[in-house]
Amino acid sequence: ALKLNGTVTLSDADEDFVVMVPVEIQFARAKPVVEWVRVTNEPAKFTVALKQAPARVVLAPGEAVLARK
C-alpha cells in the first residue's frame, strides 16, 4: 500500500489559532479525496493510505483558507 506523508505549517497567527485545512489528493482515474488536517501553531504532520499513486496534491483547493501569495 502507498502512503502520502505531509506537513502543514502555520505562520503569522496567534498562538491559540486553529484551522482545518483541506488537502485534496487527485488521481488519474479516480475521484479526488479530501483529507482535513487540523493545524495549530505547531507543524501538523499527516499520513494518508492510498490505493494508487496520486496525480496531484493540492493544499487548500480553491483558496479555502487565508493565505499570502
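Accessible area, as I'll use it here, comes from the Shrake-Rupley method with a 1.4 Å probe. With that in hand: the protein chain in front of you exposes about 5400 Å², and carbon and sulfur atoms supply 50% of that area. Before I go on, keep in mind that this is a predicted model.

Okay, the overall picture. The protein chain has 5 strands and 0 helices, so to read off the elements from the N terminus you just say β-β-β-β-β. The C-alpha trace spans about 40 × 25 × 15 Å along its principal axes. Of the 69 residues, 28% count as buried. And if you take contacts between residues at least 6 apart in sequence, 61% of them join residues at least 24 apart.

A quick word on charge. The protein chain carries 9 positive and 8 negative charges, and the mean positions of the two sets are 15 Å apart.

Now the sheet. Which strands are in it, and in what order? There are 3 of them, the sheet is open, and the order is 3-2-5. The pairing is antiparallel. Strand 3, residues 33-39, and strand 5, residues 56-59, are the edge strands. Each of those has a single partner strand, so one side of each is left without a neighbour in the sheet. From one strand to the next, the twist averages 25°.

Let's zoom in on one of those pairings. Strand 2 covers residues 19-26 and pairs with strand 3 in the antiparallel sense, over 7 bridges. If you want a spot to click on, take Val21, which stands opposite Val37 in strand 3. As a reminder, strands of a sheet pair through backbone hydrogen bonds, either parallel or antiparallel.

Next, the loops, starting just past strand 3. Thr40 sits in the loop between strand 3 and strand 4, the latter being residues 44-50. Is Thr40 buried or exposed? The cut-off for buried is under 20% relative accessible area, and Thr40 comes in at 19%, so it counts as buried. What does Thr40 touch, leaving aside its neighbours within four places in sequence? The answer is Leu10, Phe17 and Val18.

Over to the loop between strand 1, residues 2-8, and strand 2. I picked out two aspartates there. Asp16 is in that loop and counts as exposed, at 64% relative accessibility. Asp16 and Val58 are 42 residues apart along the chain, and their C-alpha atoms are separated by 26 Å.

Asp12 is the other one, also in the loop between strand 1 and strand 2. Asp12 counts as exposed too, with 65% relative accessibility. What caught my eye is the backbone: phi of Asp12 is near 55°, a positive value in a residue other than glycine. For context, most residues other than glycine have a negative phi.

There's another residue like that further down the chain. Ala60 isn't a glycine either, and has a positive phi of about 50°. You'll find Ala60 in the segment after strand 5. The surroundings don't match those of Asp12, though: Ala60 is buried, with a relative accessible area of 12%, whereas Asp12 is exposed.

So, if you want places to look while we talk: the Val21 and Val37 pair across strands 2 and 3, Thr40 with its contacts to Leu10, Phe17 and Val18, and the positive phi values at Asp12 and Ala60. That's me done.

Note on methods:
Residues are numbered from 1 along each chain as its sequence is written. This is a predicted model: local features need pLDDT of at least 70, side-chain atom pairs count only at pLDDT 80 or more; totals for chains, interfaces and linings use all residues. Side-chain values use heavy atoms; hydrogens and water are left out. Two strands pair if DSSP finds at least two bridges between them. Helices (H or I, at least four residues) and strands (E, at least two) are DSSP runs, numbered from the N terminus. Axes are lines fitted to C-alpha atoms, for helices over the stretch in contact, and angles run from 0 to 180 degrees between N-to-C directions. Buried means under 20% relative accessible area, exposed over 50%, partly exposed in between (1.4 Å probe, protein chains only). Contact means heavy atoms within 4.5 Å. Lys and Arg count as positive and Asp and Glu as negative; His and the chain ends are not counted. The place of a charge is taken as NZ of Lys, CZ of Arg, CG of Asp or CD of Glu.
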